[in-house]
Amino acid sequence: MAEGGAAPVKHAITVDDVLAMRSLSGLTCAPDGRQAVYVVNEADMKADKRRKALWLVDIAAGKGGTAPLQLTSGEDSASAPAFSPDGRTIAFLSKRGKDKQAQVWLLDRRGGEASKLTDVKGSIADFRWSPDSKSLLLLITDPAPEPPKDDPERPLPVVVDDVKFKEDGTGFITATDHAHLALFDLATKAETRLTASDSFDVTTAEWSPDGKTIAYLANHALDSAAPATQWLTVVEAKPGALPRLVAKVPSASGQSLIWSADGTKITHLIGNEAKLNQYNQPHLAQTDVASGQTRTVASTGDIYVQRLVDLGGGRVGAILAEDRREVPAVIDPASGAIQRLGDGKLAVADQCASKDPKAPRAVIASGDAVMPEVYALEGTAMRALTAHNRALNSMIAWSPVRDFAAKTTDGSEVHGLLTLPAGYVEGQRYPTVLWIHGGPTAQDSHEIDPFRQWFAAQSYAVLAVNYRGSSGRGDVYGTTIAADWGNKEVLDLHAATDWAVAQGVADPARLMVGGWSYGGILTDFLIVRDNRFKAAFSGAGEGNIFALFGVDQYVQQYAQELGGPWQDTALWLRLSEPLLHADRIKTPTMFMGGIADDNVPLIGGQQLYQALKITGVPTRLIGYPDENHGIARPSFQRDRLERIVDWYKQHLK
């Protein structure tokens with residue numbers, strides 16, 4: 001409180017506030033449901049890095065429980081925490097000392113220093129405790145070949161053999177980059193390979209309740225017999241056992257495997273047919289282990305289901321993406337019954353639970369004006385357990401966020417969010433930013449969004465549009481843009497912009513547009529057809545799909561959705577409209593991306609930048625060294641926010 005008991009003066013959000021916000025993830029609950037451990041990610045501005053630390057919270061906090069406790073600290077980041085089934089130990093991944101790759105470390109739940117458990121070669125991507133807490137199942141890749149001992153500085157050639165040979169964050173994919181399973185015995189510290197490395201990746205795996213069998217999903221990027229599939233496979237948890245294919249299911253993002261208590265069924269997610277797989281709306285499904293028969297839970301057939309957790313008794317916890325909201329729910333796969341929970345105000349991003357039906361679920365959630373915290377979910381009530389961002393949050397004058405709906409010229413209805421500018425006065429028109437989300441399989445929802453709030457703090461109204469292709473509105477809405485990029489989405493963006501002008505909020509003479517990834521791609525499509533925007537920002541976009549074929553990571557999508565450029569050249573030409581008709585672009589546009597991005601490589605921005613330079617349209621190209629698709633270095637994050645606003649201001653004048 002200020003002097004005299006007055007409330008502190010709040011201010012519109014600043015770049016410093018954005019960088020000071022802590023993000024939370026990796027939530028996992030203890031088997032008894034009494035505690036949860038999670039990852040706090042914050043910027044170390046002095047080192048210009050982000051640090052990840054583990055924290056422990058008592059789920060009874062606020063009801064006589066203890067305050068959250070930081071478990072790890074220092075320069076060594078920690079991630080992927082997991083309680084042992086006996087509840088005594090917390091395992092996590094960390095790269096410390098001379099380790100080139102992350103290893104598994106152990107912490108006693110009662111306190112004390114962490115001790116290193118594994119010392120395996122290769123890279124551990126994930127792990128799972130065995131039910132008896134005596135072994136770990138490692139998801140691991142082989143070590144990269146080492147240079148000759150007589151010349152350790154000599155680089156080795158990169159050798160690739162697979163159809164898909166690029167992945168953001170990995171670069172070129174070689175034989176050593178395919179993930180396999182290994183067993184690790186805690187007592188002997190012996191590592192035993194369980195599955196072979198092949199031209200596929202094991203993506204997730206789970207022990208059966210009796211600890212005798214392991215189920216896993218193998219991702220086959222290009223299987224001519226059943227494209228875009230994940231192969232559900234089981235194998236005995238012993239060396240030399242032969243895997244048995246149970247079922248081939250359409251690929252789904254964010255997969256999880258949950259065994260039934262009797263070990264006869266596995267609950268998981270299921271995606272769409274191959275041609276539509278990139279617009280994946282994961283639904284809930286259950287596969288019989290003996291017969292391989294897979295049944296989609298019909299009640300989830302038009303709902304985006306994610307973040308599964310086992311609640312025991314055959315029930316599954318999930319987060320549902322539903323029209324601008326991220327809703328926690330309980331699903332009964334047998335009956336299809338769905339019970340939605342939460343207060344309807346906060347968007348849930350992560351969750352964990354024990355199998356004790358009396359224990360509350362722990363969730364990570366945020367809202368339009370609420371930075372992320374851990375909450376206890378008790379029916380419709382959300383009880384805050386942490387205060388990592390509370391003090392910072394209380395200092396900010398958040399801009400209000402409103403729902404809107406608009407009719408498009410082809411009769412569709414598009415939904416979105418309008419963030420009002422700082423100091424908004426009803427009836428006054430404002431410069432407006434059309435800020436386009438990426439994906440496209442994502443949605444703008446009622447959660448904290450630093451970009452939207454940052455623009456609003458600069459006195460801009462901000463339009464966030466869930467164009468066709470977004471999640472939260474069902475399969476038809478999500479898949480209608482397949483092989484038709486930059487068409488219906490642009491109609492939706494136009495409709496939202498026209499709505500904001502008609503409402504008297506947006507000044508038609510002061511419109512800006514921008515986005516990252518698919519948001520950058522749609523920005524490119526928009527400015528080649530519409531010259532009413534005074535400035536544009538295209539982050540990690542592309543205007544010429546020919547240039548990305550064989551360069552980015554989307555060979556699977558190209559082959560299944562579009563066909564090769566030699567198969568339907570007219571389609572590829574139409575999807576390259578921004579570059580092939582760059583002479584129509586009159587909007588000053590800044591292009592930006594990570595120089596190491598293999599998701600949407602910077603070449604997409606380079607080509608359009610070059611075109612606008614030649615045609616005389618004001619333009620600029622920004623490349624961030626060593627950055628992938630997501631910009632991680634705090635100084636670059638600051639630079640990006642400030643550059644976008646400076647570009648808009650420059651061209652509004």
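## Surroundings of His283

In this predicted model, the side chain of His283 comes to 3.2 Å from the backbone oxygen of Gly301. A further backbone oxygen, that of Ile303, is reached by the His283 side chain at 2.8 Å. His283 belongs to strand 21, which covers residues 283-288.

The relative accessible area of His283 is 5%, so the residue is buried. Beyond residues up to four places away in sequence, His283 touches His268, Leu269, Ile270 and Asn272, and also Thr296, Thr300, Gly301, Asp302, Ile303, Val305 and Asp475.

## Gln281 in the preceding loop

Gln281 is located in the loop between strand 20 (265-270) and strand 21. Its relative accessibility is 1%, and Gln281 therefore counts as buried. With neighbours within four places in sequence left aside, the contacts of Gln281 include Ile270, Asn272 and Asp475, three residues that are also listed among those touched by His283. Gln281 is likewise in contact with Tyr304, Thr441, Ser470, Ser471, Gly472, Gly474 and Gly478.

Between Gln281 and Val159 the separation is 122 residues in sequence and 35 Å in space, taken from C-alpha to C-alpha.

## An open four-stranded sheet

Strands 9, 10, 13 and 14 form an open sheet in the order 9-10-13-14, with antiparallel pairing. Strand 9 (123-129) and strand 14 (191-193) are the edge strands; each has a single partner strand, so one side of each is left without a neighbour in the sheet. From one strand to the next, the twist averages 30 degrees.

Strand 13, residues 180-185, pairs with strand 14 in the antiparallel sense over three bridges. Phe184 has Glu191 in strand 14 as its bridge partner.

## Aromatic pairs and charges over rings

The whole structure contains 17 aromatic pairs. In one of them, Tyr424 and Tyr430 have ring centres 5.6 Å apart and planes at 40 degrees, so this pair is tilted. Tyr424 counts as buried at 19% relative accessibility, where the limit for that class is under 20%. Tyr430 is also buried, with a relative accessible area of 6%.

For Trp435 and Phe537, the ring centres lie 6.0 Å apart and the planes stand at 15 degrees, so the pair is stacked. Trp435 is part of strand 33 (residues 430-436) and Phe537 is part of strand 36 (residues 535-539), so their pairing ties together parts that are 102 residues apart in sequence. Both residues, Trp435 and Phe537, are buried. They belong to a cluster linked by ring pairs, together with Phe451, Phe455, Tyr460, Trp516 and Tyr648.

Charged side chains also sit over aromatic rings. The charged end of Arg96 is placed over the ring of Trp105, 4.7 Å from the ring centre. Lys166 lies over the face of Phe172, and the distance to that ring centre is 5.1 Å.

## Helix 3 and its packing

Helix 3 comprises residues 450-457; six of its eight residues are buried, so the helix is largely enclosed by the rest of the structure. The buried residues are Arg452, Gln453, Trp454, Phe455, Ala456 and Ala457. They pack against two other helices, helix 1 (15-20) and helix 12 (634-652), and against strand 31 (401-407), strand 32 (413-419), strand 33 and strand 34 (461-466).

At the start of helix 3, a side-chain oxygen of Asp449 comes to within 3.1 Å of the backbone nitrogen of Phe451. Just after the helix, Ser459 adopts a positive phi of about 75 degrees.

## Backbone exceptions

Most residues other than glycine have a negative phi, and most peptide bonds are trans. The peptide bond from Gly439 to Pro440, by contrast, is cis, with omega near 5 degrees. Pro440 is situated in the loop between strand 33 and helix 3.

Ala80 has a positive phi, near 50 degrees. Ala80 is found in strand 5 (residues 78-83) and is partly exposed, with a relative accessible area of 26%. Arg307, which is not a glycine either, has a positive phi of about 55 degrees. Arg307 lies within strand 23 (residues 304-312) and is likewise partly exposed, its relative accessible area being 43%.

Note on methods. Residues are numbered from 1 along each chain as its sequence is written. This is a predicted model: local features need pLDDT of at least 70, side-chain atom pairs count only at pLDDT 80 or more; totals for chains, interfaces and linings use all residues. Side-chain values use heavy atoms; hydrogens and water are left out. Two strands pair if DSSP finds at least two bridges between them. Axes are lines fitted to C-alpha atoms, for helices over the stretch in contact, and angles run from 0 to 180 degrees between N-to-C directions. Buried means under 20% relative accessible area, exposed over 50%, partly exposed in between (1.4 Å probe, protein chains only). A polar contact is a pair of N or O atoms within 3.5 Å; within protein, one must be able to donate a hydrogen and the other to accept it, and residues adjacent in sequence count only if both atoms are side-chain atoms. Contact means heavy atoms within 4.5 Å. Rings of Phe, Tyr and Trp (its six-membered ring) pair if their centres lie within 6.5 Å; planes under 30 degrees apart count as stacked, over 60 as edge-to-face and the rest as tilted. A charge sits over a ring if NZ of Lys or CZ of Arg is within 6 Å of the ring centre and within 35 degrees of the ring normal.
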